[in-house]
Amino acid sequence: IMEWENNYFKIIGSPTSLQINQKNSGAVIIATDNHKYLLIKIKRTDNTEHWEFPRGFSEKNETHEQTAIRELKEETNLSNTAKMTKLGEVMPDSGLINVKIGIILIKLNFNQQIKLQKSEKIFDYKLVTLNQLKQMIANQDIIDSFTLAAYAKLISIKN
C-alpha cells in the first residue's frame, strides 16, 4: 500500500485500488446580476485555458457559503453579496474522491470593479446570459466538470 498527502489531499493506493481523500471541501460560485452570469478564464496546471465559474477549496472549518464569499473576493474582488442560496452539493468523482463541494448562487451587483487574481492565472472574465452559457456548453467552450454540475443545478431550480 502506498500513501501520499499534501495540504489538500491524502491518496491511498494499492495495485488494485486508489482512494483520494480531499482534506477540505470547496465551493463553486454562480455569481449573477440582472440575468447575467460571471465566468472567469483561467489557465490550469496543464497550461490549457478554461471558462469556468469561480471556485476554490475551503479553509479549515469554513462552510460552503463562507468559502464562496472568500473565493469570490479573492478571485474577482466582488464582495457586495446581496443574496446567497446554496443550490446543493456535488461530488467531483464519487468513485474516487471523497468530498462534497457546495454550489452557491450569489446575487450581487457587477457595477463594482472586477479585479482578477493574476497569481492564480485568472486572466479574463465575461458576463453571459443563460442562453449564452448554454451555447458555450454546447460548443465545448465550457468543459469544466464543476461548472457543468453547477449549471445543471441552476437549470433545475429555474424549471
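Buried, as the word is used in these exercises, means a relative accessible area under 20%, whereas exposed means over 50%. The structure is a predicted model.

**Exercise 1. Describe strand β5 (36-43) by its cover and by its partner strands.**

Step 1. With that cut-off in hand, β5 proves to be mostly covered, since six of its eight residues are buried.

Step 2. Turning to its partners, β5 pairs with β4 in the antiparallel sense over two bridges, and Asp33 has Lys36 of β5 as its bridge partner. These two strands form a hairpin with two residues between them, and in the turn Asn34 has a positive phi of about 50 degrees.

Step 3. β5 also pairs with β6 (residues 49-52), again in the antiparallel sense, over four bridges, and here the bridge partner of Lys41 is Trp51. This is a hairpin too, with five residues between the strands and with Asn47 in the turn at a positive phi of about 70 degrees.

Step 4. The pairing of β5 with β11 is likewise antiparallel and runs over six bridges; within this pairing, Ile40 stands opposite Tyr125.

**Exercise 2. Find which elements build the largest nonpolar core, and follow the contacts of Leu133.**

Step 1. The largest nonpolar core has 25 residues, and those with the most contacts inside it are Val28, Ile30, Leu39, Phe53, Ile103, Leu133 and Ile142.

Step 2. Two or more residues come from each of β4 (26-33), β5 (36-43), β8 (81-90), β10 (101-108), α2 (130-138) and α3 (145-158), and of these elements α3 gives the most, with five residues.

Step 3. Once neighbours within four places in sequence are left aside, Leu133 is in contact with Leu39, Phe53, Val128, Ile142 and Tyr151.

Step 4. Another core, of 16 residues, lies apart from the largest one and includes Ala27, Ala31, Ile42 and Leu78.

**Exercise 3. Check whether the length of α3 agrees or disagrees with the expected span, and list its buried residues.**

Step 1. At 1.5 Å a residue, the 14 residues of α3 should span 20 Å, and the C-alpha atoms at its ends are 20 Å apart, so the two values agree.

Step 2. The buried residues of this helix are Phe146, Thr147, Ala149, Ala150, Tyr151 and Leu154.

**Exercise 4. State the strand order of the open four-stranded sheet and identify its edges.**

Step 1. The order is β1-β2-β3-β9, and the pairing is mixed.

Step 2. β1 (2-5) and β9 (97-98) are the edge strands, because each has a single partner strand and one side of each is therefore left without a neighbour in the sheet.

Step 3. At one of these edges, β3 (residues 18-22) and β9 run parallel and are joined by two bridges, with Ile20 opposite Ile97.

**Exercise 5. Place Asn111 in the chain and decide whether it is buried or exposed.**

Step 1. Asn111 lies in the loop between β10 and β11 (122-128).

Step 2. Its relative accessible area is 71%, so Asn111 is exposed.

Step 3. Asn80 is 31 residues away from Asn111 along the chain, yet their C-alpha atoms are separated by 10.0 Å.

**Exercise 6. Judge the protein chain against the globule rule.**

Step 1. The protein chain has three helices and eleven strands.

Step 2. The radius of gyration is 16 Å, close to the 15 Å that the rule gives for 159 residues, so the protein chain is as compact as a globular protein of that length.

Step 3. Of the 159 residues, 41% count as buried, and among contacts between residues at least 6 apart in sequence, 61% join residues at least 24 apart.

Key. Residues are numbered from 1 along each chain as its sequence is written. This is a predicted model: local features need pLDDT of at least 70, side-chain atom pairs count only at pLDDT 80 or more; totals for chains, interfaces and linings use all residues. Side-chain values use heavy atoms; hydrogens and water are left out. A nonpolar core is a set of buried Ala, Val, Leu, Ile, Met, Phe, Trp, Tyr and Cys residues joined through side-chain atoms within 4.5 Å. Buried means under 20% relative accessible area, exposed over 50%, partly exposed in between (1.4 Å probe, protein chains only). Contact means heavy atoms within 4.5 Å. Two strands pair if DSSP finds at least two bridges between them. The expected span of a helix is 1.5 Å times one less than its number of residues. The radius of gyration is taken over C-alpha atoms; the globule rule is 2.2 Å times the number of residues to the power 0.38.
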